[in-house]
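Open your viewer and get the selection tool ready. We'll go stop by stop, and at each one I'll tell you what to pick and what to look for.

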There are 2 protein chains.
Amino acid sequence: MSKRTIPPSTFLAPLPAALVTCQDKESRPNIITLAWTGIVCSDPPMAGISIRPSRYSHGLIRNSGEFALNIPPADLVMKVDLCGTLSGRDVDKFAVTGLTPLPAREISTPLIGECGVNIECRVTEVVPLGVHDLFLGEILATHIDEEAFSEDGTILIQRINPLGYIPMDKSYRAMGDALGSYGYSRKNRG
Amino acid sequence: MSKRTIPPSTFLAPLPAALVTCQDKESRPNIITLAWTGIVCSDPPMAGISIRPSRYSHGLIRNSGEFALNIPPADLVMKVDLCGTLSGRDVDKFAVTGLTPLPAREISTPLIGECGVNIECRVTEVVPLGVHDLFLGEILATHIDEEAFSEDGTILIQRINPLGYIPMDKSYRAMGDALGSYGYSRKNRG
């Protein structure tokens, strides 16, 4: 258990490699890949995303007050990386990646068809923190690929195949098999 | 790409299955398992954790103004689940799990020896959101297991082996192999 102390680092893992969609005033959509995202409240259901003010998507979300979180399957890893390294100021990321915009239900911003889960959010608060601003958003609608459901209505994670991001080595990784589920330890302990 | 709309749900994945440590005024430590956590800013480095006011750890962190994020290896999954289903009001979770408290550097709250990464945080802001309060904390120190470093100083993720949590089926999962690393797509595109 010997430890090496390194400079204060953002080494939490795994994080979601989420594709966040947003759009400008002329309804031109953009995609930004974000790992600085998470769930912040269960009821109302809320998510948070952190974006640098210099990023193109920052102004779009600030102006529109909405965004969608799209969870890409692991086999989209190269498109996920492209959306995190190109700027929507320079390119149309839907065109570059060939990803499919789908209409959302509660917001104007499109969702990404190829992503197994789509979460529509309305911004409720922006918290300036430093080089990033934290956008808090209420989750207004959630959509799941029909193909991800089993016959009994269970969501099959292997069909969602969510992509994770590991800040320590900047790697993208798929998930392994389930090791247990919430609450299993108490049942097995008797 | 047919989608099924479900009630607004917190189905972002993967999320960290983090062990958060805190302590009471008599320096009695506690552990709470949290998936509602993430990185919110790179500089200053900051993390966020969301906790229900009813949870024992909520009052401890509110009073002490500090917490640590400890990243458990996947083989600790049963202890991670126990720390998420038992209350520190009833049991001493370090005693129940046999996990080892180690002194931190910048805060009074102990770290968990068996976790490959330990992140010390000081609370800067508490944002009430609904059933959860969001604690924002500045990262003051980060520690990595000596055993996780290769000879050239690289962090080997397979030795950290971080445990993820998938809200859709409430499963805990280890990571698979790296599929690429940040920026690789542009190099490979030429």
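## Where the copies meet

Color the two chains separately and look at where they touch: 100% of the interface residues of chain A are interface residues in chain B too, so the copies meet through the same surface. Keep in mind that this is a predicted model. The contact uses 86 residues from chain A and 86 residues from chain B. Now select residues 171-181 of chain A. That's strand β13, which gives the most to the side of chain A that touches chain B, namely 11 residues. As for the kinds of residue on that side of chain A, there are 49 nonpolar, 25 polar and 12 charged ones.

## Spin it around

How much of a rotation superposes chain A on chain B? Turning by 180°, with 0.0 Å of shift along the axis, does it, and the RMSD is 0.0 Å. The two copies are therefore related as by a two-fold rotation axis. To find your way to that axis, select Met175(A): of the residues of chain A, its C-alpha comes closest, at 2.3 Å.

## A pairing across the chains

Next, show residues 3-6 of chain A together with residues 133-145 of chain B. These are strand β1 of chain A and strand β11 of chain B, and they pair in the antiparallel sense over 4 bridges. Zoom in on Thr5(A), and you'll find His143(B) of β11(B) standing opposite.

## Into the core

Which residues touch the most other members of the largest nonpolar core? In this core of 116 residues, they are Leu12(A), Val20(A) and Ala47(A), along with Leu12(B), Val20(B) and Ala47(B). Pick Leu12(A) and look at what is in contact with it, skipping neighbours within four places in sequence. The list includes Pro167(A) from chain A, and from chain B it includes Pro16(B), Ala18(B), Ile39(B), Ala47(B) and Leu69(B).

## One side of a helix

Select residues 56-64 of chain A to light up helix α1, where Ser57(A), Leu60(A) and Ile61(A) are buried. Look down the helix: these residues cover an arc of only 90° around the axis, which puts them on the same side of α1(A). What's covering them? Among the elements of chain A that do so are β3, β4, β6 and β7 (66-71). Step just past the helix and you reach Gly65(A), with a positive phi near 70°.

## Odd spots in the backbone

Before the last stops, a bit of background: most residues other than glycine have a negative phi, and most peptide bonds are trans.

Start with the bond between Ala13(A) and Pro14(A), which is cis, with omega about -10°. Pro14(A) sits in the loop between β1 and β2 (15-16) of chain A. Then hop to Asp43(A) and Pro44(A), also joined by a cis peptide bond, this one with omega about 0°. You'll see Pro44(A) in the loop between β5 (37-42) and β6 (45-51) of chain A.

Now for phi. Ser27(A) isn't a glycine, yet its phi is positive, about 65°. Find it in the loop between β3 (18-23) and β4 (29-34) of chain A. Is Ser27(A) buried or exposed? It counts as exposed, because it has 10 C-beta neighbours inside 10 Å.

Finish in chain B with Asn161(B), another residue other than glycine with a positive phi, near 50°. Look for Asn161(B) in the loop between α4 (157-160) and β12 (164-166) of chain B. Asn161(B) has 18 C-beta neighbours inside 10 Å, so it counts as partly exposed.

Key: Residues numbered from 1 in each chain as written. Chains lettered and ligands numbered in written order. Predicted model: local features only at pLDDT ≥ 70, side-chain atom pairs only at ≥ 80, totals over all residues. Least-squares fit on C-alpha atoms with pLDDT ≥ 70 in both. Contact = placed C-beta atoms within 7 Å. Helix = DSSP H or I, 4+ residues; strand = E, 2+ residues; numbered from the N terminus. Nonpolar A, V, L, I, M, F, W, Y, C, P; charged D, E, K, R; others polar. Pairing = 2+ DSSP bridges. Buried ≥ 20, exposed ≤ 12 C-beta atoms within 10 Å, placed from the backbone. Core = buried A, V, L, I, M, F, W, Y, C linked by C-beta atoms within 7 Å. Arc of directions from axis to C-beta.
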